[in-house]
Amino acid sequence: MGGSGTEGPDWVERPAHRLWLLDQARGLFDFFRPALDPAGGFHPLDLRGQPLGGAAGRLRQIHDTTRMVHCYTLARELGLPGADRMIDHGMQTLWSRHRDPHHGGYVWSFDPDGPVNATKQAYGHAFVLLAAASARVAGHPDADRLLADVGEVIRHRFWDAAAGASREEFTEDWHPLGPYRGQNSNMHLTEALMAAFEATGDAEWLRMAERIARLLIDRHARAEHWRVPEHYDADWQVDRDHAGDPMFRPAGTTPGHALEWSRLLVQLWHLGGQREGWMREAAEALFLRTVEIGWDRRAGGFYYTLHWSDRPDREDRFWWPCAEGIGAAHVLRRSGGDARFEGWYRRIWDFVADRFLDRTHGGWFAELDSDLRPVERVFRGKPDLYHAVQACLIPLLPPTASVIRGLRASSRNLLAAN
């Protein structure tokens with residue numbers, strides 16, 4: 001029986017589905033345990049879950065370190081043994097290897113010989129803030145110093161108070177690296193700012209998150225009929241012609257980011273006491289526009305990027321837009337959305353279960369080609385725990401808080417629908 005009907009109770013109201021989600025999350029945490037490198041940081045993993053070899057296997061990048069810290073704080077809240085070792089290791093790596101004791105801030109990458117890319121990136125610092133906030137909620141003894149340090153850097157180096165958003169990138173000693181401004185780094189900073197607000201109660205973090213959302217979504221995405229522009233100049237004017245790194249700054253629009261914003265806006269709306277009604281409206285509009293233009297109606301899955309005409313640009317399917325679509329569909333449905341969101345929740349999970357889950361070696365495949373065969377073009381191996389495990393855990397939680405806060409409040413009864 002095909003299709004994505006919504007007969008019967010929502011899936012998240014069914015104990016078997018909730019147990020399946022927990023099983024998937026546990027499997028992911030187990031899959032990524034071999035990533036820990038005693039020499040520092042975390043190995044990238046190949047398709048079989050073993051450390052990558054070669055130059056790529058030597059490199060330790062800041063978004064990998066920080067995401068592992070964040071994710072294993074979630075494992076700790078679930079009560080999964082071994083999580084503390086992963087958190088401790090990641091926190092030590094951030095402080096002793098990524099942190100720049102001479103110029104301040106956090107370098108993008110290092111290898112066993114020292115820093116490789118010593119630039120200071122807004123994207124990376126957003127994830128340091130997220131890791132610090134999550135570690136604070138989990139009670140890690142080093143969380144406060146990390147949170148204070150990165151918070152100072154974000155406030156005084158990256159934050160542009162006039163624009164209400166973050167500057168993008170600097171040299172090792174804090175000279176600006178060009179006029180580029182990006183939504184990707186600011187989207188993840190919004191996520192991290194909300195986490196910092198939850199961890200500390202400091203309303204300044206929440207106000208900063210709201211300002212970014214107003215600029216990027218209420219102003220720019222609304223003007224583009226709920227497409228999220230990725231690239232901007234120093235005056236925050238849209239740069240439609242920019243084409244950068246295909247992993248972080250691809251050309252055109254990226255459906256996965258619109259879905260991610262949809263989820264984050266619902267959380268921001270709740271955290272702000274539902275004061276800004278436009279956020280709930282925008283979250284729904286972003287989701288519905290994205291599934292209309294970004295989902296392949298023939299084969300399934302979200303295209304990675306679209307031209308401004310909405311024609312597919314990079315037709316490969318990446319895992320993380322589906323993960324974000326699952327989270328967005330859930331929070332919209334649990335925040336008063338109609339049965340369309342339940343239908344999409346089921347449709348996206350069906351595609352993930354059929355195409356992205358590697359039932360032989362574990363984890364999720366990162367990329368599929370247009371014929372839905374696993375490929376390694378932009379990503380190698382199994383590069384990420386963060387998106388996949390959150391797709392498994394977000395549906396178990398109320399839509400009103402971050403994953404770590406939701407687990408702290410709900411962990412005693414995760415098998416009961418919220």
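Which residues does Asp310 touch, not counting residues up to four places away in sequence? I put this to the model, which is a predicted one.

**Entry 1: Asp310.** I located Asp310 in the loop between helix H10 (277-294) and strand E10 (317-318). Its contacts, with residues up to four places away in sequence not counted, are Arg227 and Ile293. I then asked whether Asp310 is buried or exposed. The relative accessible area of Asp310 is 18%. I recorded Asp310 as buried, because 18% falls under the 20% cut-off.

**Entry 2: helix H4.** I checked the length of helix H4 (residues 83-98) against its residue count. With 16 residues at 1.5 Å a residue, H4 should span 22 Å. I found its end C-alpha atoms 21 Å apart, which agrees with that expectation. Next I listed the buried residues of H4: Ala83, Met86, Ile87, His89, Gly90, Met91, Thr93, Leu94 and His98. For the spacing of such a list I kept in mind that an α-helix has 3.6 residues a turn, so residues three or four places apart point the same way. I also looked up what covers the buried residues of H4, and the cover includes strand E1 (60-61), helix H3 (62-78), strand E2, helix H5 (122-137) and helix H6 (143-158).

**Entry 3: strands E2 and E3.** Having met E2 in the cover of H4, I followed this strand to its partner. E2 (residues 109-111) and E3 (residues 114-117) run antiparallel and are joined by 3 bridges. I noted a hairpin that links E2 to E3 through 2 residues. Opposite Asp111 I found Gly114 of E3.

**Entry 4: nonpolar cores.** I counted 130 residues in the largest nonpolar core. Those with the most contacts inside this core are Phe29, Tyr72, Ile217, Trp261, Leu265, Trp349 and Trp364. H5 gives the most to the core, with 11 residues. A second, separate core has 5 residues, among them Val153, Phe158, Phe170 and Trp174. I returned to Phe29 and listed its contacts beyond four places in sequence: Cys71, Tyr72, Leu74, Ala75, Leu78, Leu80, Leu385 and Val389.

**Entry 5: the largest pocket.** I noted a volume of about 680 Å³ for the largest pocket. It is lined by 36 residues, and the closest to its centre are His63, Asp64, Met247, Phe379 and Pro383. Which helix supplies the largest share of this lining? I found that H3 does, with 5 residues. The helices that each supply at least two lining residues include H2 (54-58), H7 (183-200), H9 (255-271), H11 (319-333) and H13 (386-393). I closed the entry on H3, which also helps to cover the buried residues of H4.

How values were computed:
Residues numbered from 1 in each chain as written. Predicted model: local features only at pLDDT ≥ 70, side-chain atom pairs only at ≥ 80, totals over all residues. Heavy atoms only, no water. Pairing = 2+ DSSP bridges. Helix = DSSP H or I, 4+ residues; strand = E, 2+ residues; numbered from the N terminus. Buried < 20%, exposed > 50% of the residue type's maximum accessible area, 1.4 Å probe, protein only. Contact = heavy atoms within 4.5 Å. Expected span 1.5 Å × (residues − 1). Core = buried A, V, L, I, M, F, W, Y, C linked by side-chain atoms within 4.5 Å. 1 Å grid on protein atoms, 1.4 Å probe; cavity = no way out; pocket = protein on both sides within 12 Å on 5 of 7 lines; lining within 4 Å. Points joined across faces, edges and corners; volume = space filled by probe spheres on them.
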